[in-house]
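Let's work through a few exercises on a sheet and what packs on it. Have the structure open and try each task before you read its solution.

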Amino acid sequence: PLTGSKGGPNFFRVTMNAYLPNRGLVDVVREKHPNIKKWATISHDYSYGYSNWNSFSGRFKEIDPEFKIVADGWVKFGSGGGYGPYITKVLDAGAEGLYTSLIGSDWIAFVREGTRYGLFDKIKLFVQGNLIIPETAPLKTEMVKCWAYTHYHAPACDNPSSKWLKKAYSDRYGAIRFAES
């Protein structure tokens, strides 16, 4: 309400919520991988984790009648590991696609643990619904392939650190993918 119905001309928002990017992510994923129908999530057990998954799965339900949730796992924020039971549940359910919105040290620990379980070789598609780009740095060569969106809004962050990040990212991955709107 502060930036909308109860706000005034001096209040505005330069960031976004999880709703629209996750829905857009579904559209891209579905266009590129239309045959992936069985999905699972391993995300944080708090409101932001649920809102990310609900945005993603809700959009899928709207546009694909064959979309099916086969497993879900809700981990405590800050657990930093112990994801084995969640990973096993996803694999045993036959998930083809896996969605997560884990962040911080939980994201790093999850990628490392998932790799040890062979998770990323056994599922067809891994989707990260809230990738914070600097959090991939500690993974170095351990980083796994995933489809993702990020909240990074380049024009709102015009400073030396942001310029360095944009250059480092484009040097490593080629064409820069940051929105410049």
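**Exercise 1: Neighbours of a central strand**

In E3, the bridge partner of Ala40 is Leu98. This is a predicted model, where local features need pLDDT of at least 70, side-chain atom pairs count only at pLDDT 80 or more, and totals for chains, interfaces and linings use all residues. Residues are numbered from 1 along each chain as its sequence is written, and side-chain values use heavy atoms, with hydrogens and water left out.

Task: find which strands pair with E1, and over how many bridges.

Solution. Start with the terms: strands (E, at least two residues) and helices (H or I, at least four) are DSSP runs numbered from the N terminus, and two strands pair if DSSP finds at least two bridges between them.
- Step 1: three bridges join E1 to E3, running parallel.
- Step 2: E1 also pairs with E2, in the parallel sense, over seven bridges; here His44 has Val75 in E2 as its bridge partner.

**Exercise 2: The whole sheet**

Task: work out the strand order and name the edge strands.

Solution.
- Step 1: the five strands form an open sheet in the order E2-E1-E3-E4-E5, with parallel pairing.
- Step 2: E2 (68-75) and E5 (147-148) each pair on one side only, as edge strands.
- Step 3: within the sheet, E3 (residues 97-100) and E4 (residues 125-128) share four bridges, and Gly97 stands opposite Leu125 in E4.

**Exercise 3: Burial**

Task: decide how many residues of E1 are buried (under 20% relative accessible area, 1.4 Å probe, protein chains only).

Solution. Six of the seven residues in E1 are buried, leaving the strand mostly covered.

Technical notes. Buried < 20%, exposed > 50% of the residue type's maximum accessible area, 1.4 Å probe, protein only.
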